[in-house]
Amino acid sequence: MDLDRFKYVNDTLGHSLGDELLRKLAVRLRSVLREGDTIARMGGDEFTVLLADIGTAADAAKIAQKLLDTVDEPTGVEGHELYVTTSIGIALYPDDGDTAEALLKNADSAMYRAKEAGRNSYQLCTRAMNTRAAERLSVENALRRALAREELVVHYQPLVRLDTRQVAGMEALLRWNRPGHGLVPPATFIGIAEETRMILPIGEWVLRRACRQAREWQASRPGQRMSVNLSPRQFQQVDLCDMVASALTESGLPAELLELEITESTALINTDRTIATLASLRDLGVRIAIDDFGTGHSALSYLRRFPIDRVKVDREFVQEIETSRSNRAIIAAIVALAHGLDLAVTAEGVETEEQVQFLSSTGCEEVQGFLFGRPGAADAIEP
C-alpha cells in the first residue's frame, strides 16, 4: 500500500503533522484487518499487509477494498481535515512468487499499476506486469528527453457558449509526439511525469506556450480566454504564482484571459492551503476552474469557500445523459449549485445534439467536446 500524494501533506503542513496522519491511518487500517493478519510501515508512506489463510484472489481483493474505503475517509489532524487515498498491489503465494522478496517485488509492481490506473484502487499481479514494467521504464527514459528534443506539443480544444454557439476560448492540452510511436495521449505519460517531478518543467512549458498562443489569437479573436490545467504537483509549488505572473508578463496576455484548472481531488488534499493559493492566483487577476467536478469527494462545504469562477462537469456524467436518469439529475444539481454560488459551468465530453439540448435546459453556459471540435494543433484548430 502506498498513500497517494502524501508528499503534498508533508510539503505543505510539515513532517510532524504528516507523521500524526500516518499514526491515525495506521490505527484505522489495523481495525479492518482480521485476527492473524499483519500490517507494517515499510518506510515513508508505504505499508505492507501480510494476509494469512487467503483462499482466492477475490478474498484478497475484498480486504483490499476495505482498506481503500478506510483510507478514503477524511482524517482530522490538528484542526485540518485531510483527504488522502491509497494505491494497493496484490501478490499471491505461490503463483506470484515463492519467496518474500519475489512477493514484495510483484506486489510493488502491481501497486504502481494501480497508480497508473488513476490511484485509489487495487491491482492484482499478472504475468503481463513484467512486460508493463519494462514499458513504463522505457516511457520514463524517453520522456526525460522529450522536452529538450522538442517532442512535446500543445493542442487546443474549443470552449463553446451554448447561447450563441460561438467559441469563448480554448483549453490547452498536452500531447507527446514520441518518435516511433506517433502522437501519444496524456494518459500514457502524465502519471509518470507527475511521480518523477518531470511535470514541473513540462507544466511550465505548457503554460508559457499556451499564453503566447492566446496572445497571438487576440488580434483576430479578442476576448477569448485560454484554459490551462495545473497538475497536483504544480499546484503545490511554492513559486506557482511567480511562475504564472512571469508567463503573463512574457506573453503580454491579460490576466483575466487566463483560466487555470485544478481537479477537485487536488483542491481537497489540503483545503486551507488550497484556499490561500487560489486567493493568491486570483489576486493576479486570473480565473480559476474546478475540473472533473462530481467525481471526487465533492465537499460542498468547501466549495463555497474556494475563490473560484467555474466548475467543469466531468464527461463521465455527460456521456450517459440520454440513457441515465441519475446522471441527468446529478448534472442539473451541479448546475443549480454552481449558479447558487455565482459560478459558471462548463460541461465536458459533449458529442451529441441531445446532450446539448439537455445541458441547455439546465442553464449550463458552456460546453466542449467532439461535437464542436476535437483537440488540434494551433494552425489546424484556428479555422
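**View 1. Cysteines without a bridge.** The count of disulfides here comes to 0, where a disulfide is a pair of cysteine sulfur atoms within 2.5 Å. As a reminder, a disulfide is a covalent bond between the sulfur atoms of two cysteines. Cys125 is buried, with a relative accessible area of 14%. Cys364 is buried too, at 4%. Buried means under 20% relative accessible area, exposed means over 50%, and partly exposed lies in between (1.4 Å probe, protein chains only).

A quick note on what you're looking at: this is a predicted model, so local features need pLDDT of at least 70 and side-chain atom pairs count only at pLDDT 80 or more, while totals for chains, interfaces and linings use all residues. Residues are numbered from 1 along each chain as its sequence is written, and side-chain values use heavy atoms, with hydrogens and water left out.

**View 2. The whole chain, before zooming in.** The chain holds 16 helices and 16 strands; these are DSSP runs numbered from the N terminus, with helices being H or I of at least four residues and strands E of at least two. Its C-alpha trace spans about 70 × 50 × 45 Å along the principal axes. The radius of gyration is 22 Å, which agrees with the value near 21 Å for a compact globule of 383 residues. That radius is taken over C-alpha atoms, and the globule rule is 2.2 Å times the number of residues to the power 0.38. Of the 383 residues, 49% count as buried. The accessible surface comes to about 17,900 Å², and carbon and sulfur atoms own 49% of that surface; areas come from the Shrake-Rupley method with a 1.4 Å probe, and for residues only the protein chains shown count as cover. Among contacts with a separation of 6 or more, 65% link residues 24 or more positions apart, a contact being heavy atoms within 4.5 Å.

**View 3. The hairpin of β2 and β3.** Strand β2 (residues 38-43) pairs with strand β3 (residues 46-50) in the antiparallel sense, over 5 bridges. Two strands pair if DSSP finds at least two bridges between them. Look for Arg41, which stands opposite Phe47 in β3. The hairpin has 2 residues between the strands, and Gly44 takes a positive phi near 60°.

**View 4. Ile54, in the loop after β3.** Ile54 sits in the loop between β3 and α3 (57-72). Is Ile54 buried or partly exposed? With a relative accessible area of 24%, Ile54 is partly exposed. Setting aside residues within four places in sequence, Ile54 is in contact with Arg34, Asp59, Ala60, Ile63 and Leu92. Tyr93 is 39 residues from Ile54 in sequence, yet their C-alpha atoms are 9.4 Å apart in space.

**View 5. Strand β9 and its partners.** Strand β9 (residues 167-178) is mostly covered, with 10 of its 12 residues buried. Which strands pair with β9 in the antiparallel sense? One is strand β8 (residues 152-161), joined over 9 bridges, and another is strand β10 (residues 182-184), joined over 3. On the β8 side, Gln157 stands opposite Glu171 in β9. The β8 and β9 hairpin has 5 residues between the strands, and Arg165 in the turn has a positive phi of about 60°. On the β10 side, Trp176 has Val184 as its bridge partner. The hairpin of β9 and β10 has 3 residues between the strands, with Gly180 at a positive phi near 85°. β11 runs parallel to β9, and 4 bridges join the two; here Gly169 is the bridge partner of Arg225 in β11.

**View 6. Gln224, just ahead of β11.** Gln224 is in the loop between α7 (199-217) and β11 (225-229). Gln224 counts as buried, at 9% relative accessibility. Not counting residues up to four places away in sequence, Gln224 touches Val167, Ala168, Gly169, Gln218 and Leu257. Strand β9, seen in the previous view, covers residues 167-178.

**View 7. Arg310, a buried arginine.** Arg310 belongs to strand β14 (residues 310-313). Arg310 counts as buried because its relative accessibility is 8%. What joins the side chains of Arg310 and Thr346? It is a polar contact of 2.9 Å, meaning a pair of N or O atoms within 3.5 Å; within protein, one must be able to donate a hydrogen and the other to accept it, and residues adjacent in sequence count only if both atoms are side-chain atoms. Beyond its neighbours within four places in sequence, Arg310 has contacts that include Arg225, Glu259, Ile288, Leu343 and Glu366.
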